[in-house]
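Ready for a guided walk through a protein model? Keep the sequence and the 3D view open, try each task yourself, and then read the solution.

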Amino acid sequence: MSILTVDLQDKTFANGLQAIRELSFTVQSGEFVALVGPSGTGKTTVLNMIAGLETEFVGAIQAPREALSYMFQEPRLMPWLTVENNIRLVLDAPCLQIDSQRFARMETLLQQLGLTEFRGAFPKQLSGGLKRRVALARAFVTQPQLLLMDEPFQSLDEPTAQDLRQILLQLWADTRPTVVFVTHSLNEALQLADRILFLSARPAQIVLDYSVPLARPRSMVTSDLQALHSQLLQQYPQLLSGSLKEI
Ligand SMILES: Nc1ncnc2c1ncn2[C@@H]1O[C@H](COP(=O)(O)OP(=O)(O)OP(=O)(O)O)[C@@H](O)[C@H]1O
């Protein structure tokens, strides 16, 4: 059953810059899809359109906006709220009573993410990795049907990013939301996704719709992954020519 349909003919900003031309894809319920493409090609713009934050475009999008979470590049925590209240914020309940089911879900996430001891801390007291953990808890606590993630582990050191990818996969396996995950890292996409949509340089178009042939659960550092990375680039040399040379 499809949960997300994106059918875009054109997205041109007011300054005349055309970010997207003829970009269409469908995502099945529970699927983990990565959008991979070079910097500035319109990946964030696509997520913003799916979320309903960007409404000026030619085309149509069907998405479950009432059951959607969006994890941004920066964790975007409210500096004046504690870890716990940053999570409660999306339940509309900072400092208030919440029902026992939602409370239990929040507690489980705090534990799974190793945040219990930091529940009373403020964002400025947290490392970058811990802030991302809070953002992950906030993204999952509402039990979204669709989770949009925009390079959420960028600018972290690699071991911290690996830990967070592992945690993300565990959380995803528990409740199986549909995920659209933007990255410019082919390795990250191969580690996480069922399917990778490779985008061209601007105006963004899909150059390859690739199903990742790796079983789950996936180990994070495997020779399988390295082999697949090289095989993919051998098979589709166009990914390396010009538009995707950074991957
Ligand atoms: N409001 C805007 N007005 C004009 N141009 C914009 C606007 N927002 C984004 N752009 C431009 O549109 C293009 C696509 O931006 P977008 O942020 O979607 O790319 P991206 O693929 O997510 O890039 P990155 O990987 O660097 O985050 C970029 O060239 C960007 O500078």
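The exercises below move from the domains to the core, the ligand and a few single residues. Please keep in mind that this is a predicted model.

**Exercise 1. The two domains**

Task: find which stretches of the chain form domain 1 and domain 2, and describe the side of domain 1 that touches domain 2.

Solution:
- Step 1. Domain 1 covers residues 1-64 together with 146-247, and domain 2 covers 76-144.
- Step 2. The C-alpha centres of the two domains are 26 Å apart.
- Step 3. Where the domains meet, 12 residues of domain 1 are in contact with 11 residues of domain 2.
- Step 4. On the side of domain 1 that touches domain 2, strand E6 (146-150) and helix H5 (158-175) are the elements that give two or more residues. H5 provides the largest share, with six residues.
- Step 5. Sorted by class, this side of domain 1 has 10 nonpolar residues, two polar ones and no charged ones.

**Exercise 2. The largest nonpolar core**

Task: work out where the largest nonpolar core lies with respect to the two domains.

Solution:
- Step 1. This core has 56 residues. Ala34, Ile50, Ala137, Leu148, Val180, Phe181 and Ala193 have the most contacts inside it.
- Step 2. Helix H4 (residues 128-141) gives the most to this core, namely seven residues.
- Step 3. Both domain 1 and domain 2 give residues to the core, so it lies between them.
- Step 4. Now pick out Val180. Setting aside neighbours within four places in sequence, Val180 is in contact with Val27, Val33, Leu35, Leu47, Ile50 and Leu148.

**Exercise 3. A closer look at helix H4**

Task: is H4 mostly covered or mostly open, and what lies over its buried residues?

Solution:
- Step 1. H4 has 14 residues and reaches 20 Å from its first C-alpha to its last, close to the 20 Å expected at 1.5 Å a residue.
- Step 2. H4 is mostly covered, as 11 of its 14 residues are buried. Among them are Lys131, Arg132, Arg133 and Phe140.
- Step 3. The cover over the buried residues of H4 includes strand E5 (68-71), helix H2 (83-89), helix H3 (100-112), E6 and H5.
- Step 4. Just after H4, Gln143 takes a positive phi of about 50°.

**Exercise 4. Around the ligand**

Task: say how many residues surround the ligand and which are the closest.

Solution:
- Step 1. The ligand is surrounded by 13 residues, and the closest are Phe13, Ser39, Lys43, Thr44 and Thr45.
- Step 2. Helix H1 (residues 43-51) gives the most to this shell, with three residues.
- Step 3. By class, the shell divides into three nonpolar, nine polar and one charged.

**Exercise 5. Buried or exposed?**

Task: decide whether Leu23, Phe103 and Ser155 are buried, partly exposed or exposed.

Solution:
- Step 1. The cut-offs are 20 or more other C-beta atoms within 10 Å for buried and 12 or fewer for exposed, with partly exposed in between.
- Step 2. Leu23 sits in strand E2 (residues 18-28). Leu23 is buried because 24 other C-beta atoms lie within 10 Å. Beyond its neighbours within four places in sequence, Leu23 is in contact with Val6, Leu8, Ala204, Gln205 and Ile206.
- Step 3. Phe103 belongs to helix H3. With 14 other C-beta atoms within 10 Å, Phe103 is partly exposed.
- Step 4. Ser155 is in the loop between E6 and H5. Ser155 counts as exposed because it has 10 C-beta neighbours inside 10 Å.

**Exercise 6. Backbone details in the loops**

Task: find which peptide bonds before Pro203 and Pro217 are cis or trans, and what phi Ser155 and Arg176 take.

Solution:
- Step 1. The bond from Arg202 to Pro203 is cis, with omega near -5°. Pro203 is in the loop between strand E8 (195-199) and strand E9 (206-211).
- Step 2. Arg216 and Pro217 are also joined by a cis peptide bond, with omega about -5°. Pro217 lies in the loop between E9 and helix H7 (223-235).
- Step 3. Ser155 has a positive phi of about 65°, although it is not a glycine.
- Step 4. Arg176 has a positive phi near 50° and is likewise a residue other than glycine. Its place is in the loop between H5 and strand E7 (178-183).

How values were computed: Residues are numbered from 1 along each chain as its sequence is written. This is a predicted model: local features need pLDDT of at least 70, side-chain atom pairs count only at pLDDT 80 or more; totals for chains, interfaces and linings use all residues. A nonpolar core is a set of buried Ala, Val, Leu, Ile, Met, Phe, Trp, Tyr and Cys residues joined through C-beta atoms within 7 Å. Helices (H or I, at least four residues) and strands (E, at least two) are DSSP runs, numbered from the N terminus. Domain bounds come from an automatic or database domain assignment. Two residues are in contact if their C-beta atoms, placed from the backbone, lie within 7 Å. A residue is near a molecule or strand if its C-beta atom, placed from the backbone, lies within 6 Å of it. Ala, Val, Leu, Ile, Met, Phe, Trp, Tyr, Cys and Pro count as nonpolar, Asp, Glu, Lys and Arg as charged, and the others, Gly among them, as polar. The expected span of a helix is 1.5 Å times one less than its number of residues.
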